[in-house]
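These are my notebook entries from a session with one model, written down in the order in which I looked things up. I began with a single side chain and worked outward from there.

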Amino acid sequence: MNLQKLKHAQKQFFSAYPGGFSHPDMIAIGKKHNVHKLADFCVESFAEERFNQPDELLDNWVKVVSRSSMISLFEKPKFKGFINTAMGDERKVLVDSLYEILHGKASIGFSLQCDLLKRDKLAKWTLISAVPAYYRLHDEIFMKPNTVKGIIAYFELPDLLYKPSPSWAFYQHYRAQILQMKAHIDESLKPNNPAFCGFLMMSLPNAK
């Protein structure tokens with residue numbers, strides 16, 4: 001990473017928003033995104049013991065996608081339609097894939113989910129990363145394509161070649177570098193990963 005650019009971004013952000021995400025403007029923006037409400041909902045809805053109620057779990061998955069401000073309005077109805085029309089084995093694979101991502105072997109769940117969602121061209125970074133990102137606010141990363149590409153390019157993250165088709169290898173590598181960047185930043189800029197990535201996004205030249 002380019003540490004000099006990261007430190008400059010921090011300086012500029014503090015100049016515009018003293019106190020970081022405790023600044024009134026940032027608090028107002030945060031309320032629009034409902035990150036903590038969705039995080040609480042996910043922690044409750046996708047706890048390990050809830051996976052014995054597959055229909056309710058899939059309904060809650062749709063609710064998260066529909067309520068998330070970080071997912072495209074075009075993707076929301078398509079995802080809802082996909083879940084509602086999924087039958088038997090497909091529903092089981094969806095539930096199993098999410099279980100593995102949250103409570104089992106994440107790489108297996110990621111691949112299962114991608115393979116099934118590809119059927120309706122719904123294997124999108126946003127849809128696959130949303131629930132894990134809310135479920136573990138400090139460990140997982142929400143993947144918004146334009147933001148990811150911008151962060152990689154501007155902050156010069158090494159050995160990362162973005163591709164629109166999701167892959168576990170890329171996600172792991174990108175997440176590791178984002179978490180490494182967090183270690184160099186003031187606490188007030190990283191109350192959670194969505195906020196930290198929001199700070200990075202707002203620091204990109206094309207965001208000004």
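**Entry 1, asparagine 60.** I looked up asparagine 60 and found a relative accessibility of 6%, so it counts as buried, the cut-off for that being under 20%. I note at the outset that the model is a predicted one. Asparagine 60 belongs to helix H4, which covers residues 54-67. When I set aside the neighbours within four places in sequence, the residues in contact with asparagine 60 were Phe41, Ser45 and Phe46.

**Entry 2, tyrosine 99.** I then went to tyrosine 99, which sits in helix H6. How far is its C-alpha atom from that of asparagine 60? The two C-alpha atoms are separated by 14 Å, and the residues are 39 apart along the chain. Tyrosine 99 has a relative accessibility of 25% and therefore counts as partly exposed. Apart from its neighbours within four places in sequence, tyrosine 99 is in contact with Glu48, Phe51 and Gly104.

**Entry 3, helix H8.** Is helix H8 enclosed or open? I found that eleven of the eleven residues of H8 are buried, so the helix is largely enclosed by the rest of the structure. Among these buried residues are Trp125, Leu127, Ile128, Val131 and Tyr135, and also Thr126 and Ser129. I next asked which helices pack against H8, and I wrote down two of the pairs.

**Entry 4, H4 with H8.** I found that H4 packs on H8 with the axes 10 Å apart and at an angle of about 95°. The range for roughly perpendicular is 65 to 115 degrees, and H4 and H8 are therefore described as roughly perpendicular to each other. On the H4 side I listed Trp61, Val64 and Val65, which meet Leu127, Val131 and Tyr134 of H8. Sorted by class, this contact holds six nonpolar residues, with no polar and no charged ones.

**Entry 5, H6 with H8.** For helix H6 (residues 88-103) and helix H8 (residues 125-135) I noted an angle of about 40° and axes 10 Å apart. H6 and H8 are therefore oblique to each other, and their crossing is right-handed. H6 contributes Leu98, Ile101, Leu102 and His103 to the contact, and H8 contributes Val131, Pro132 and Tyr135. By class I counted six nonpolar residues here, one polar and no charged. Val131 thus appears in my lists for both pairs, meeting residues of H4 and taking part in the contact with H6.

**Entry 6, H1 with H11.** I also looked up helix H1 (residues 3-16) and helix H11 (residues 193-202), whose axes come within 10 Å and cross at roughly 95°. That makes H1 roughly perpendicular to H11. Leu6, Ala9, Gln10 and Phe13 of H1 meet Phe199, Leu200 and Met202 of H11. The residues of this contact divide into six nonpolar, one polar and no charged.

**Entry 7, cysteines.** How many disulfides does the model hold? The count comes to zero, where a pair would need its sulfur atoms within 2.5 Å. For cysteine 114, the closest cysteine sulfur is that of cysteine 42 at 18 Å, which is too far for a bond. Cysteine 197 also has its closest cysteine sulfur in cysteine 42, here at 16 Å, and this too is too far for a bond. I checked accessibility as well, and cysteine 114 counts as buried at 4%, while cysteine 197 is buried with a relative accessible area of 10%.

**Entry 8, positive phi.** Last, I looked for unusual backbone angles, since most residues other than glycine have a negative phi. Asparagine 34 is not a glycine, yet its phi is positive at about 55°. Asparagine 34 lies in the loop between helix H2 (24-33) and helix H3 (35-45), and at 33% relative accessibility it counts as partly exposed. Lysine 121 likewise has a positive phi, near 55°. I placed lysine 121 in the loop between helix H7 (106-117) and H8. Is lysine 121 buried or exposed? Its relative accessible area is 70%, so lysine 121 is exposed.

Key
Residues are numbered from 1 along each chain as its sequence is written. This is a predicted model: local features need pLDDT of at least 70, side-chain atom pairs count only at pLDDT 80 or more; totals for chains, interfaces and linings use all residues. Side-chain values use heavy atoms; hydrogens and water are left out. Axes are lines fitted to C-alpha atoms, for helices over the stretch in contact, and angles run from 0 to 180 degrees between N-to-C directions. Angles under 35 degrees count as roughly parallel, over 145 as roughly antiparallel, 65 to 115 as roughly perpendicular and the rest as oblique. A crossing is left-handed if the near helix is turned anticlockwise from the far one by less than a right angle, and right-handed if clockwise. Contact means heavy atoms within 4.5 Å. Ala, Val, Leu, Ile, Met, Phe, Trp, Tyr, Cys and Pro count as nonpolar, Asp, Glu, Lys and Arg as charged, and the others, Gly among them, as polar. Buried means under 20% relative accessible area, exposed over 50%, partly exposed in between (1.4 Å probe, protein chains only).
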